[in-house]
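Thanks for asking me to look this one over. My notes follow as numbered points, so you can go through them with the model open beside you.

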Amino acid sequence: MKAPTHRRAGPISSPRAEVCAVDVGSSGVTSADVVAVARADAVVRLTKDALGAMATSRAAVEWLADAPEPTYGISTGFGALATRHVPPELREDLQSSLIRSHAAGMGPPVEREVVRALMFLRVKTLASGRTGARPLLAETFARMLNAGITPLVPEQGSLGCSGDLAPLAHCALVMMGEGEVVSADGAVRVPATDALAAAGIAPVRLHAKEGLALVNGTDGMLGMLVLAISDLALLCATADVTAAMSVEALLGTDQAFRPELHAPLRPHPGQAVSADNMFRVMANSAIVASHRIGDPRVQDAYSCRCAPQVTGAVRDTVSYAAQVAEHELAATIDNPVVLESGEVTSNGNFHGAPLGYVMDFLAIAAADLGSISERRTDRLLDSTRSHGLPPFLAADPGVDSGLMIAQYTQAAMVSENKRLASPASVDSIPTSAMQEDHVSMGWSAGRKLRRSIRNLRRILAVELVAAARGLELRAPLAPAPATGAVVAALRERVPGMGRDRFTSPELVAAEAFVAAGAVVEAAASAAGPIR
């Protein structure tokens, strides 16, 4: 991997059109808002309501800062050092020292979309008026987001308790005019002071409590969860289509997906949705009709017949995770926090257990969805079980290997996802002189979930390539209009049957096709909405 280059230059931002704007008030944001800012560079705007709420809570903090009695985070040290009463003349140094010391991450940079989600969610929390920070901090983060400035946040450093301390500190460091900023592709690094200057943003000098207000949150974990939910929703719909294509190519039946066999008999919501998708995608298939009468097989293999039950269970897991995300989006995570009465008090809301648990749950679901997809792919490639398809879908078996090694690659990712399904949230390690003696490891759960989802996308891409070949090999019988539309759209990017050729670029192109939502879009053009 080529080492990143360093330069002192203009702002690090990505070209974008302002397709939408997100207004941040004192009452929270939605998952759609997070995705829009993280992935579509939506413009962030603070409402008058948010600015007023921040000003009110700031007044309470400043009153306590002037009081003779010590208040945690305002006139004391932090964590295990909270017993130190810090005199007024050192309190600004206290806040900046907190950020510098906590920006202690290591490892490769975190993805741009994760950093943007993290920053936006911190803006959301600041805007609640419960952190006691000046409006200037939320305004500066919003301006950084709108200028496309992405702080360099190393991957390792968060234990998911006391919030995502190190990742958030790296972002706060850039707000102070220190640290580094990375380009959209991560290849170029620029000193923060240069990037801020080029965008016309003045570095912020932190006042009492503001260091804690910038780092004591679950924003990284929540950002990764929200993005994962969005990705998995698309991949579940994609899996319904690729499964239908595989069943059709394997001369399977669509009768197991009839609606009367699902909601009335086993009312899991996700199962009914997946079965409905598959049934409609396979509708009017000449391939299916060709063996509807006289087929000696009583039923299909589980990887085909039980596809709605598995993908549906993944859907229901995603739905549960979305409920947890919505609760967290409505939360205000900081310690100490400013109550409506003006009281500033400590709490433990920064613990990431709710987020870590569901991200581990999603990793388990993603692993199983990839596993059943690989089983269908293997069946398509095995001439003893594919009902007339050539070995490995090769043009000239024996001379050509077809998709043999593509399935190896798929199998390797399936096995990796099984390892990644081992939960991070069952682990804990004490830190901060045993003050923080139980941690969530939610950040680690989020990091491995992102890798699981990336693998799942590629696993489905391999099944797509194999199923498309299988359908074409059933000619002159025509596939269903929906599956035929998917094959036709795929062929604009990935060639069809032929002698062996360099396979990797075609699989990469199929992955991009899946990621763009093109599988679902093509199927929907003939079958109606794929939910």
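1. A word on naming before anything else: helices (H or I, at least four residues) and strands (E, at least two) are DSSP runs, numbered from the N terminus. With that in hand, you can place Pro 476 in the loop between helix H16 (442-472) and helix H17 (481-490). The peptide bond that leads into Pro 476 from Ala 475 is cis, with omega near 15 degrees.

2. Please keep in mind that this is a predicted model, in which local features need pLDDT of at least 70, side-chain atom pairs count only at pLDDT 80 or more, and totals for chains, interfaces and linings use all residues. Residues are numbered from 1 along each chain as its sequence is written, and side-chain values use heavy atoms, with hydrogens and water left out.

3. On confidence, pLDDT is the predictor's own confidence in each residue, from 0 to 100. The protein chain has a mean pLDDT of 92, and 95% of its residues reach 70 or more. Residues 1-18 are another matter, with pLDDT below 50; beyond near neighbours in sequence, this stretch has 41 contacts in the model (contact means heavy atoms within 4.5 Å). Where pLDDT is low, the predicted coordinates should not be read in detail.

4. A second cis peptide bond deserves a look: the one joining Asn 335 and Pro 336, where omega is about 0 degrees. Pro 336 sits in the loop between helix H13 (307-329) and strand E9 (337-338). For context, most peptide bonds are trans, and most residues other than glycine have a negative phi.

5. Two residues go against that phi habit. Ser 162, in the loop between E6 and H6, has a positive phi near 60 degrees. Ser 162 is buried, at 8% relative accessible area (buried means under 20%, exposed over 50%, partly exposed in between, with a 1.4 Å probe and protein chains only). Lys 209 also has a positive phi, about 75 degrees, without being a glycine. Lys 209 lies in the loop between H7 and H8 and is buried, with a relative accessible area of 0%.

6. Asp 164 belongs to the loop between strand E6 (154-156) and helix H6 (165-175). What is the nearest side chain of opposite charge to Asp 164? That is Arg 122, 8.5 Å away, and the buried Asp 164 has no salt bridge. By the rule used here, a salt bridge is a side-chain nitrogen of Lys or Arg within 4 Å of a carboxyl oxygen of Asp or Glu; for charge, Lys and Arg count as positive and Asp and Glu as negative, while His and the chain ends are not counted. Leaving aside neighbours within four places in sequence, the contacts of Asp 164 include Ser 158, Asp 219 and Trp 443.

7. The salt-bridge count comes to 39. One of them pairs Arg 39 with Asp 231 (2.9 Å, N to O). This pair links distant parts of the chain, 192 residues apart, with Arg 39 in helix H1 and Asp 231 in helix H9 (residues 219-249). Arg 39 is partly exposed at 33% relative accessible area, whereas Asp 231 is buried at 15%.

8. Arg 58 and Glu 210 meet in a salt bridge as well (3.9 Å, N to O). Arg 58 lies in helix H2 (residues 48-66) and Glu 210 in helix H8 (residues 210-215), so the pair ties together parts that are 152 residues apart in sequence. Both Arg 58 and Glu 210 are buried.

9. Now the strands, where two of them pair if DSSP finds at least two bridges between them. E2 (residues 21-24) and E3 (residues 43-46) run parallel, joined by four bridges, and Val 22 has Val 44 as its bridge partner in E3. Val 22 and Val 24 make up the covered face of E2, with Ala 21 and Asp 23 on the uncovered one.

10. Last, a hairpin to look at. E7 (residues 180-182) and E8 (residues 188-191) run antiparallel, joined by three bridges. Val 182 stands opposite Arg 189 in E8. Five residues separate E7 from E8 in this hairpin, and Gly 186 in the turn has a positive phi of about 80 degrees.
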